[in-house]
Every structure is written in C-alpha cells, then in structure tokens.
Amino acid sequence: TFGNLAEHNELTALKSSGLSLYRIMRPLTGVVIFIALATFYFSNYVIPVATLKWHSLIYDIQNTKISTLITPGVYSDKIDGYAIKVDKGTDDHFKGILIHVHTDPTKIKTVRAKEGRIFKSVNGKYIFFKLQDGYVAEELSPQAPSFKPNGEILTNSSNSHPARRYSFKNATYKINISGFKLARTDEELFKNQHEMLNVFQITEVVDSIQKQANKIMENFVVSMKMDHPYYQALAFKIDTVKVSANTQQIIPEKGIIRLGQLTKQERLAALATLPPNLRRINQNLQGQADYIKVLDQDINLYYIGFHRKFALSFAIIVLFFIGAPLGAIVRKGGFGTPLVLAVLLFMLYFVLITTGQSLATEQVVNPFWGMWFATLILSPIAVILMRAAANDRQIFNKELISKFTELFRRKK
C-alpha cells in the first residue's frame, strides 16, 4: 500500500499538505493493532482448544473401536492371522460369530458362537470376544504314519487328521492386536501439553508444578537426613523430651556413640559400611537431580508457550512498522518488489524466531529472551526505517559509507 502511494507520488502530496508519515499511518496502525489483538485471542483461546481436540481425535483413531472393523455378512481380515465374520449386529454386540484362526500353520482352528460382545483391554494390546453358546473345532495337519516293529503300518495311522471339538456355554476368546496400531505413541501424542492451555491456565499449572517440586525437595531432604545416624539420634532425643514432658517421668537421655569410643574391629566394620552407603546416597542424589531436571524442562516448555502467544502477536505490529516505511522508501508497488521484500522479511523473522525457540528449548537462554529474540532484533530496524521514511532520508548514507571505506583502506 505505501509502496503504491510512494510510487505515484501520492505520499509526497500528503506530506506536502502538512501530514506526517505517522499521521498517515495512524488508521492502518489501528487496523494492525486490532489484527494483533485478534491474533492473541485466537492463539490464547481457539488454538489450545483446537489442539486438544485434534490430539484427542488422533488418540481415538489410534484406539479405534474394533467393532468398526467388522461388517456384518462380510469376512474381515484386517487383523493378521484371523478371518472374522458375523451375521448381524451393531456397536459391540453381534450374533452368528465365526472366527477362523490362521496363526498356527500346523493347525486349523475355528470358533463359532451364537452371539457375543467385543471389547478391548485397557492397554489396547488385546481384544476379547465374550461368546455364548458355541464350540471350538481344531484339526491338525496330516501326520506321518506309525509302524510296528515288523514294519507294518499301524491301523488308522496313515494320513490321519487328529482333531478335537468341544462346546461351551460361556467363553472368552483373546486376540493379540499389538501390531494393529498407528506408528505414534501416547507419549508423542500428548507431550506438548503446554500448547493446549491459555496463558492463565499456564500460570496456574506452572505454580502448581513449582509447589509440587518444593514439597518433593523438602521431603527428600528430610528423608536424607533421617538416613544419617546423627539426625536419627537427634530425633530420638527430641521425642524423649516430649515423652518426659507428657508423662512427667524421668527418661534417661540417649547419648551418641562417637568413633573414638569404638574398638579397632568395630571401627573397621563401621568404615567398611561407608563406601556402599555413599554410593547409595549418590544414587539417590542423582535420581533426585534428574527428576528436578525433568520438572525444570517441563516448566521451561510452559514458559515458552506463554511467551510465544505474546511475542507472535506483537511481531505483527513490529513487522508492520518495518514493511510500511520500507514501501515508502523503495517506492515500488504491486506484487513484484514488495512481494520479494516481504518474503525475505518473513524468512528473516522465521529464522530468528526458530533460533530463539531452539535456544530456549535447550535451556541455553531464558524462555523470555528466546521467544522475544526475533522481536528485539527487528524492533531497532523498525525504528531506523520509520525515522528514515518520516524524514525522507536514505537508510544508508553514501557519503558516510565512502568515508568509512576510505578510512579502512588507509589503515590497511
């Protein structure tokens, strides 16, 4: 827009009538601020809900009801090693169930029932057919004939097909479907929980996590102290004083045995227990440190999501104050040069915001600096371009550049 105004000298006419560039930009500035506020509302309230529903949909697809894989009157072979057919039914209740099992190449197995229900295990690895009034028929592959000591074939042993059949009133048949899953796991589906919350919910969650971490640290310190004999004896003395005050009885105070009071053998035995105790303490400390590290990473992701919502909305305003004066300076309209400059400007912003987010995710920098990194870099550029366009000055002074180049050559 400002490129078109400058290209047709309309911007010059407006300035000559006494209007400054800031006054000319005022209406469009209001529109951009409105867009930024609408963007923040969208990212704070609409995107979290949409993300949550999308993840829920993906999870539902991964945990698809097995009943949807079965069509009445048609054999279903979507589960490897099984051919399933039902006569009629809906949802999870069917009638006329027939299951052909092909998991074992040496055996032919058929399960038939008048009716039954289908449900999935909690871990999603198995489905269960709760069958009623049916039978199971099994038939083995032909076996080699058996011979008598004299070389004669035993009767009924040639080309025999051992088989068995048994009926049931109620039975449950289990099928392994661990291979029938999407490639994504539950952890991958829900690892970005911070994207499903708005800024107010993020604040509450972070506060809750910090309180939980503080409580865990306090309990850990107490447990570590109570493992030490000194603190055990100290606690025993405190309890002794309390019991004496309540019962008004004189209870002898327990002293602490020092290393010098022990015999040589007792000291050697005590010192022998020191290395394993130290290793156990170090392992506990390392485990606690790893747990706190995970909590810090979790809190860091929440803060990244918190600052992203504000930084992306404010970036709209910053990019506007770069694009508008840049169009006035370049004096080109249409979709040629302005489009190229816009693409380059967006690529620059994308690289900066991606770099800042990566640094914040790896905890190299604070989430605030990581998410506001691009805005802080581009804001001075916006100020320089606005001053240059408002005062009709060039961005780069040729005389200053030539003087700097000449001075550099002399030093060289």
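Over which residues does pLDDT stay under 50, and how many contacts beyond four places in sequence does the model have for them? The stretch is residues 181-188, with 14 such contacts (contact means heavy atoms within 4.5 Å; pLDDT is the predictor's confidence in each residue, from 0 to 100). Residues 247-255 also fall below 50, with nine contacts beyond near neighbours in sequence. The chain as a whole averages a pLDDT of 78, and 75% of the residues score at least 70.

Some ground rules help here. This is a predicted model, in which local features need pLDDT of at least 70 and side-chain atom pairs count only at pLDDT 80 or more, while totals for chains, interfaces and linings use all residues. Residues are numbered from 1 along each chain as its sequence is written, and side-chain values use heavy atoms, with hydrogens and water left out.

Turning to the interior, the largest nonpolar core holds 20 residues (a set of buried Ala, Val, Leu, Ile, Met, Phe, Trp, Tyr and Cys residues joined through side-chain atoms within 4.5 Å; buried means under 20% relative accessible area with a 1.4 Å probe, protein chains only). Among those with the most contacts inside this core are Tyr82, Phe129 and Leu131. Strands β1 (82-90), β2 (93-101), β3 (107-120), β4 (126-140) and β5 (163-176) each supply at least two of its residues (strands are DSSP runs of E, at least two residues, numbered from the N terminus). Leaving aside neighbours within four places in sequence, Leu131 is in contact with residues including Ile97, Val111, Phe168 and Tyr173.

Methods
Buried means under 20% relative accessible area, exposed over 50%, partly exposed in between (1.4 Å probe, protein chains only). Helices (H or I, at least four residues) and strands (E, at least two) are DSSP runs, numbered from the N terminus.
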